[in-house]
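Colleague: I should like to learn how to read the features of a structural model. May we work through one together?

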Amino acid sequence: MGRVTERRRVIRVRDGAVSTRPDTLVVEEPLEIRLNGKPLAITMRTPGDDFALAAGFLVSEGVLGAAEEVRSIVYCAGATADGVNTYNVVDVQLAPGVPVPDITLERNVYTTSSCGLCGKASLDAVRTTARFPIADTPPVRLTPELLAGLPDRLRAAQQVFDRTGGLHAAALFSEEGELLDVREDVGRHNAVDKLVGRALTDGRLPLSRAVLLVSGRASFELAQKAVMAGIPVLAAVSAPSSLAVDLAAETGLTLVGFLRGPHMNVYAGEERIALHSGV
């Protein structure tokens, strides 16, 4: 199975001084996800938690919503012409009776963040396929002070990032600020899928009392994944996209961007944030 990091020779230039040394790089390899033996999608990812990644991806696509809907997840032996198992092809077998979606080229293209479909079609697709409507009873209520402390806790848990500087991260926190799980990957969306997939197999969906924090920006794809997993709050250390804000407003997702220390922007779902005067 592929390693998470690899060593490569690098030439360093520091203040005009040139030297050579080994450098630690994060591994990036393709993962093909098959559903009942048929190719569904390919993603570039950091090896590790591949079964969780596949399960989480299928949650975001509306295929899965509970652990009992999965019969098995396995690496495909003989994935290459010479019969070698590359550990880069995963097959998810659905349990008997679970509907198998129509796997078409249009669907495969639609799963990417650059699908080219219009915004309304994207929003409608999420709204009509979401299994876990975000309707808190009682609602999650967070303080800005609690949110402000989460990025440092995420950063402290990024073990591979410390060695490579080349990974995104996603973490789940409880409404009290407890770190529940954290995953790293070259793709921010993959890190989220790994979190959601592990929650699925542990029987913890929907994540209706959780806060999802992601490094970098909040794209439509990440907002979609939060909504499909029933997560009521998505926070990012950078900016959201316009379509992510639209999706949050339509589905009731609380969306926080530019979360850096005590500073943050609340783009949607402000009722879950205990804001002070001036709002």
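Modeller: We shall take the helices, the strands and the aromatic rings in turn. Please bear in mind that this is a predicted model.

Colleague: Let us begin with burial. How many of the eleven residues of H1 are buried?

Modeller: A residue is called buried when its relative accessible area is under 20%. Ten of the eleven residues of H1 fall in that class, so the helix is largely enclosed by the rest of the structure. Among them are Asp 50, Leu 53, Phe 57 and Ser 60. Phe 51, by contrast, counts as partly exposed because its relative accessibility is 32%. Just after H1, Gly 62 takes a positive phi of about 80 degrees.

Colleague: At what angle do helix H1 and helix H7 pack?

Modeller: Angles of 65 to 115 degrees count as roughly perpendicular. Here H1 (residues 50-60) and H7 (residues 188-201) pack at about 90 degrees, and their axes are 6 Å apart. The two helices are therefore roughly perpendicular to each other.

Colleague: Which residues in H1 meet residues in H7?

Modeller: On the H1 side, the contact includes Ala 52, Leu 53, Gly 56 and Val 59. On the H7 side, the residues include Asn 190, Asp 193, Lys 194, Val 196 and Leu 200. By character, the residues of this contact divide into seven nonpolar, four polar and three charged. When reading such a list, recall that an α-helix has 3.6 residues a turn, so residues three or four places apart point the same way.

Colleague: I turn now to aromatic rings. How many aromatic pairs does the count come to?

Modeller: Such pairs are judged by the distance between ring centres and the angle between ring planes. The count comes to two. One of them joins Phe 51 and Tyr 75, whose ring centres are 4.9 Å apart; with 45 degrees between the planes, the pair is tilted. It links distant parts of the chain, since Phe 51 lies in helix H1 and Tyr 75 in strand S5 (residues 70-75), 24 residues apart.

Colleague: Is Tyr 75 buried or exposed, and why is its pair with Tyr 87 called edge-to-face?

Modeller: Tyr 75 is buried, with a relative accessible area of 17%. Its ring and that of Tyr 87 have centres 5.1 Å apart and planes at 80 degrees, so the pair is edge-to-face. Tyr 87 lies in the loop between S5 and strand S6 (89-94), so this pair ties together parts that are twelve residues apart in sequence. Tyr 87 itself counts as partly exposed, at 32% relative accessibility. Phe 51, Tyr 75 and Tyr 87 form one aromatic cluster.

Colleague: Strand S5 has now been named. In what order do the strands of its sheet lie?

Modeller: A sheet is read by following which strand pairs with which. Four strands form this open sheet in the order S4-S3-S6-S5, with mixed pairing. Its edge strands are S4 (38-45) and S5, each of which pairs on one side only. On average, neighbouring strands are turned by 20 degrees against each other, direction ignored. Within the sheet, strand S3 (residues 29-35) pairs with S4 in the antiparallel sense over seven bridges, and Ile 33 stands opposite Ala 41.

Colleague: How many bridges join S7 to strand S8?

Modeller: Pairing partners also show how a strand is flanked by others. S7 and S8 (residues 179-185) run antiparallel and are joined by six bridges; the partner of Ala 169 is Glu 184 in S8. Their hairpin has four residues between the strands, and there Gly 177 takes a positive phi near 95 degrees. S7 also pairs with strand S9 (residues 210-214), again in the antiparallel sense, over five bridges. In that pairing, Ser 174 stands opposite Ala 210. As for burial, six of the seven residues of S7 (residues 168-174) are buried.

Colleague: Which residues does Leu 146 touch?

Modeller: Contacts between residues far apart in sequence show how the chain folds back on itself in space. Leu 146 is found in helix H4 (residues 144-148). Not counting residues up to four places away in sequence, Leu 146 touches Glu 175, Glu 176 and Gly 177. The last of these is the glycine with positive phi in the hairpin of S7 and S8. At 21% relative accessibility, Leu 146 counts as partly exposed.

Terms used: Residues are numbered from 1 along each chain as its sequence is written. This is a predicted model: local features need pLDDT of at least 70, side-chain atom pairs count only at pLDDT 80 or more; totals for chains, interfaces and linings use all residues. Side-chain values use heavy atoms; hydrogens and water are left out. Axes are lines fitted to C-alpha atoms, for helices over the stretch in contact, and angles run from 0 to 180 degrees between N-to-C directions. Angles under 35 degrees count as roughly parallel, over 145 as roughly antiparallel, 65 to 115 as roughly perpendicular and the rest as oblique. Contact means heavy atoms within 4.5 Å. Ala, Val, Leu, Ile, Met, Phe, Trp, Tyr, Cys and Pro count as nonpolar, Asp, Glu, Lys and Arg as charged, and the others, Gly among them, as polar. Buried means under 20% relative accessible area, exposed over 50%, partly exposed in between (1.4 Å probe, protein chains only). Two strands pair if DSSP finds at least two bridges between them. Rings of Phe, Tyr and Trp (its six-membered ring) pair if their centres lie within 6.5 Å; planes under 30 degrees apart count as stacked, over 60 as edge-to-face and the rest as tilted.
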